Amino acid sequence: MTSFITQLYTVAFIVTACIALIRYLIHRLSNTKQPYLAKIMHSDNILSGSFLKESDTGHQLTPLEARALSNLQLAATFGIRNSFTTTEENTHREFRKRAAQRLNLTESEWKAIACKAQLVISSYLQISLQQTNSLHLKVSLPSMVRVVVLKVVLSTMFDEYQTHSLPPDQEYHVLDQVSDMINKLWILSKQGSTNSESLLNQLNAHLNCLLPEAYSYPLNFILPSFETMWRVTLRGVMELRFRDCETWNSHYQRMFKDILNNPTLQTMKKFDNEYGASVENIVDEMLRLYPPTRRIHRAISASDGRSPIIASVDIESLHRDPEIWGKDSLCFRPTRWRSGLSETQHAAFFPFGKKMFVCPAKPSFAPRMLAILVGAISIGIEQATLEWNKETNSFIEKQPISNRREDLNTLNISYHKSNFPTLADTSKLQLDNHISG
Ligand code: HEM
Ligand SMILES: *[C@@H]1O[C@H](CO)[C@@H](O)[C@H](O)[C@H]1NC(C)=O
Ligand SMILES: *[C@@H]1O[C@H](CO)[C@@H](O)[C@H](O)[C@H]1NC(C)=O
């Protein structure tokens, strides 16, 4: 009898323990998964336009309207009419098609761009050198990156760019002005300023010098391409070339020389055994930590006839979330990509947008272009040292560089006379006719 009761107690105990264990596991699973899955799902819902259907009365916004309404200020400030501002499906389709055509390059064009990028950085430094007459050369890093990126992007996307007749020093000056004005207008636009018309006119007059035969409004293409590329290029150069000099010397330099010599998709994907990642992984890590489109906005139609509200998807915070990427989520560590992404990480990584309007540069153009630009600039300024402001002296350990557009403007690189940059050996950089402007 006692043994029967003991057995009964034992069974009851085991059953209770099992139930407790199962409840604990369910609790843990839902606890670790729920918070970030909810964040991702919320973003997906905004981007897929499913919120638009919830409104039961009044006018329903289409996905294009939902985006255009959130970009009204940008459209007004820059006078642009493109994918981002149109509410008409035909216009949208046409613009996307034209963009995709411009971004579809042949392998020999890619080779020419890699040469071009190296020549541009070298001649930029030579021109700066001619304009200095001291023992010390100081160059603003953000200005330099913007000019180099703008020149390479313009000559890639606009055949018309080859026909301008400015001498090189004037050309660089105009490029500098153009990128500066775009930056200023962008900030004015975010501030909701209505006082930007004369700056815009100046900007378009400058662009007209560079693209005398452009038949469409150049800013329509320049804005989505240049604005994204230069910001991530600058942060990439700082991480690769200046934060971690040891890895630069032992690995990055070799890998990026490789991509400049042979800018193919295979080289992008080639796993470097010594380092433990590919160039593509390095670019993905740059886009993870420094997504140039930090947030995407959409208008959401409100019920009962009130004007729509603007919802935002915070790409940057999903890209940096420690619950998704681990404790070192704020560190630049390309080797995290070596074994692929988890399902959750995959869903949380979308520097080029997702659902309705994915960037046409995503599949191939942007990553390869970024690899070339970051490589050409980092190698081109090999002998330089970086100068920070006192407040932001050196990289803060385990913290990312600021990803805000307004920051980093006072960064300079400098050279002493003993290691002034020399002109790149153009005979080694054979240029394709198509791209040599
Ligand atoms: C690092 C580089 C780039 C990043 C991070 C980026 C990011 C993005 C993002 C997040 C979107 C989606 C916007 C939305 O949903 O409202 C987008 C769309 C777009 N991007 Fe990019 N972009 C890059 C480069 C480029 C380049 C080089 C071009 C060249 C023209 C370009 C053209 C476009 C266009 C036309 C769209 C609109 C697509 C549509 O409406 O269907 N982007 N981009
Ligand atoms: C890119 O252009 C080539 C021809 O130059 C064409 O065959 C190919 O289909 C194009 N690819 C895309 C994705 O448009
Ligand atoms: C970089 O150079 C500019 C212009 O000479 C100067 O105003 C700025 O303070 C410099 N930045 C740093 C960090 O020294």
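**Exercise 1. Count the salt bridges in this predicted model, then place the pair Glu 227 and Arg 405.**

Step 1. Fix the rule: a salt bridge is a side-chain nitrogen of Lys or Arg within 4 Å of a carboxyl oxygen of Asp or Glu. Side chains of opposite charge can pair when their charged atoms come close.

Step 2. Apply the rule. The count is 21 salt bridges.

Step 3. Take Glu 227 and Arg 405. Their closest N and O atoms are 2.2 Å apart.

Step 4. Locate both ends. Helices (H or I, at least four residues) and strands (E, at least two) are DSSP runs, numbered from the N terminus. Glu 227 sits in helix 9 (residues 219–243), and Arg 405 in the loop between strand 4 (385–387) and strand 5 (412–416), so the pair ties together parts 178 residues apart in sequence.

Step 5. Check burial. Buried means under 20% relative accessible area, exposed over 50%, partly exposed in between (1.4 Å probe, protein chains only). Glu 227 and Arg 405 are both buried.

Two conventions apply: the model is predicted, local features need pLDDT of at least 70, side-chain atom pairs count only at pLDDT 80 or more, and totals for chains, interfaces and linings use all residues. Residues are numbered from 1 along each chain as its sequence is written, chains are lettered from A and ligands numbered from 1 in the order in which they are written, and side-chain values use heavy atoms, with hydrogens and water left out.

**Exercise 2. Which residues are linked with Glu 285 and Arg 336 in a network of salt bridges?**

Step 1. Start from the pair. Glu 285 bridges to Arg 336 with closest N and O atoms 3.0 Å apart.

Step 2. Place the pair. Glu 285 is in helix 12 and Arg 336 in the loop between helix 14 (322–325) and helix 15, so parts 51 residues apart in sequence are tied together.

Step 3. Read the accessibilities. Glu 285 is buried at 0%. Arg 336 is buried at 12%.

Step 4. Extend the network. Arg 288, Asp 328 and Arg 333 are linked with Glu 285 and Arg 336.

**Exercise 3. Find which protein atom is the donor of the iron atom of ligand 1.**

Step 1. Set the cut-off. Donors are N, O and S atoms within 2.8 Å of the metal (3.2 Å for Na, K and Ca); water is not among the atoms, so sites may look incomplete.

Step 2. Search. The only protein donor is Cys 359 (SG), at 2.3 Å.

Step 3. Place the donor. Cys 359 is in the loop between helix 15 (343–348) and helix 16 (365–380).
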